[in-house]
Protein chains: 2
Amino acid sequence: MSPTPPAQRSTPEPTTLERTLALVGDRWSILIIRAALRGVRRFDDYQADLGIARPILTRRLQRLVEGGVMAKEPYQDHPPRFEYRLTPAGVALSPALVALIRWGDQHVADSPDTRRAEIVLVHGPCGTELEQAFWCRSCATTFPPTAIRATSRDRTDT
Amino acid sequence: MSPTPPAQRSTPEPTTLERTLALVGDRWSILIIRAALRGVRRFDDYQADLGIARPILTRRLQRLVEGGVMAKEPYQDHPPRFEYRLTPAGVALSPALVALIRWGDQHVADSPDTRRAEIVLVHGPCGTELEQAFWCRSCATTFPPTAIRATSRDRTDT
DNA sequence: CGAGTGAGTTTCATTTCAGAACCCGGAGCG
DNA sequence: CGCTCCGGGTTCTGAAATGAAACTCACTCG
């Protein structure tokens, strides 16, 4: 049915999705970013907040810094101390965070108790829990996932 | 600044995000789902398309099936053969997929060449590349990530 | 009957992960 | 001035996940 085009995958040509996942596609990075969105800044706070092992936290933070998602900035000099904050690119990941959180709320939260201490993201001005929508610029309308169609950008539609 | 509430994390009380990541938060599951959205159905097709090792593909598919993201359905009996398709819950992950793809396009695609064969998701009816927006039901408006505020659902704002 | 195919499973080396313990530069203190 | 504490890591070791390749199995085709 679907032609399943030649698809020269399995070649060492990582798509942006693959690169994105190589950066944040592990079980901790997303949680670190969520913690950062919540206001966590310092190494030990991440460690205590997430329950992550220190060596992994070190590596994850390094990778996120290298990937431009977080920035390591000194907040005092005498004993040199640093804090890890999200860059604008890191903040720009929030749609993905939100999508995952909302999906989880709707599909893996088998008991409402699980959601007890969940952090929710709300529309700042009014405090309403936000929803996410697909927006079509041409049609100036929102639409559900069922109206999505996948296509290849293979420069056939420049 | 932010009070950084007591945050009884590090207790064995996984949030929905953690559970979601335990299900799809590895480097392959998301790619499998993308392939499925593209129309891939069968084991060997996933394997060839993704270049994933077979044992891992087996486990990933099993986990996704257990997690309700995909369904394993026979498509012929005589030699019993199965296909793996997304469930509605799996399709509901597309907002997260889209968010990650779009973030990658904007933040990790250091060369436009990388985006060459990228799959894009478009609005079915008109074919325009979709955008994603946060939607506030109360205000009936879309808004950017900067207008997001994080808050705890800790039943203080029921 | 022998080759081929789809869908795995098994085996084994490599990589990554998690955890505990250790290190280091100041700060507080007696 | 020596001792201990704290934030912020690094170094080790053992457990788990990953990847590649080969093997299995059931069935179909020629």
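**Two chains around two DNA strands**

DNA strand D has 16 residues around it, and Arg42(A), Pro55(A), Ala53(B), His78(B) and Pro79(B) are the closest; here a residue is near a molecule or strand if its C-beta atom, placed from the backbone, lies within 6 Å of it. This is a predicted model, in which local features need pLDDT of at least 70, side-chain atom pairs count only at pLDDT 80 or more, and totals for chains, interfaces and linings use all residues. Residues are numbered from 1 along each chain as its sequence is written, while chains are lettered from A and ligands numbered from 1 in the order in which they are written.

**DNA surfaces**

- For strand D, two or more residues each come from helix H3 (43-50), helix H4 (54-66) and strand S2 (81-86) of chain A, along with helix H4 (54-66) of chain B. Helices (H or I, at least four residues) and strands (E, at least two) are DSSP runs, numbered from the N terminus.
- Sorted by class, the surface near DNA strand D has eight nonpolar, two polar and six charged residues. Ala, Val, Leu, Ile, Met, Phe, Trp, Tyr, Cys and Pro count as nonpolar, Asp, Glu, Lys and Arg as charged, and the others, Gly among them, as polar.
- Over at DNA strand C there are 17 residues, with Ala53(A), Ile56(A), His78(A), Arg42(B) and Phe43(B) coming nearest.
- At least two residues apiece of the surface near strand C are supplied by H4 of chain A and by helix H3 (43-50), H4 and strand S2 (81-86) of chain B.
- That surface near strand C splits into seven nonpolar, two polar and eight charged residues.

**How the chains meet**

- On the protein side, 81 residues of chain A are in contact with 84 residues of chain B (C-beta atoms, placed from the backbone, within 7 Å).
- Helix H6 (residues 94-107) gives the most to chain A's side of this interface, with 10 residues.
- That side of chain A has 41 nonpolar, 22 polar and 18 charged residues.
- Strand S4 (residues 131-136) of chain A runs antiparallel to strand S4 (residues 131-136) of chain B, and five bridges join them; strands pair if DSSP finds at least two bridges between them. Ala133(A) sits opposite Ala133(B) there.

**Symmetry**

- A turn of 180° and a shift of 0.1 Å along the axis lay chain A on chain B with an RMSD of 0.1 Å, superposed by least squares on the C-alpha atoms of residues with pLDDT of at least 70 in both.
- That's the relation of a two-fold axis.
- The same surface serves both copies, as 100% of chain A's contact residues recur in chain B.

**Core and buried spots**

- The largest nonpolar core has 68 residues, of which Ile32(A), Ala96(A), Leu100(A), Ile32(B), Ala96(B) and Leu100(B) touch the most other members. A nonpolar core is a set of buried Ala, Val, Leu, Ile, Met, Phe, Trp, Tyr and Cys residues joined through C-beta atoms within 7 Å.
- Leaving out residues up to four places away in sequence, Ile32(B) touches Tyr46(B), Leu50(B), Arg60(B) and Leu64(B).
- Arg34(B), in helix H2 (residues 29-38) of chain B, is buried because 24 other C-beta atoms lie within 10 Å. The cut-offs are 20 or more such atoms for buried, 12 or fewer for exposed, and partly exposed in between, with C-beta atoms placed from the backbone.

**An unusual phi**

- Ala140(A) has a phi near 50°, a positive value in a residue other than glycine.
- Ala140(A) lies in the loop between S4 and strand S5 (141-143) of chain A, and is exposed, with 7 other C-beta atoms within 10 Å.

Conventions
Two residues are in contact if their C-beta atoms, placed from the backbone, lie within 7 Å.
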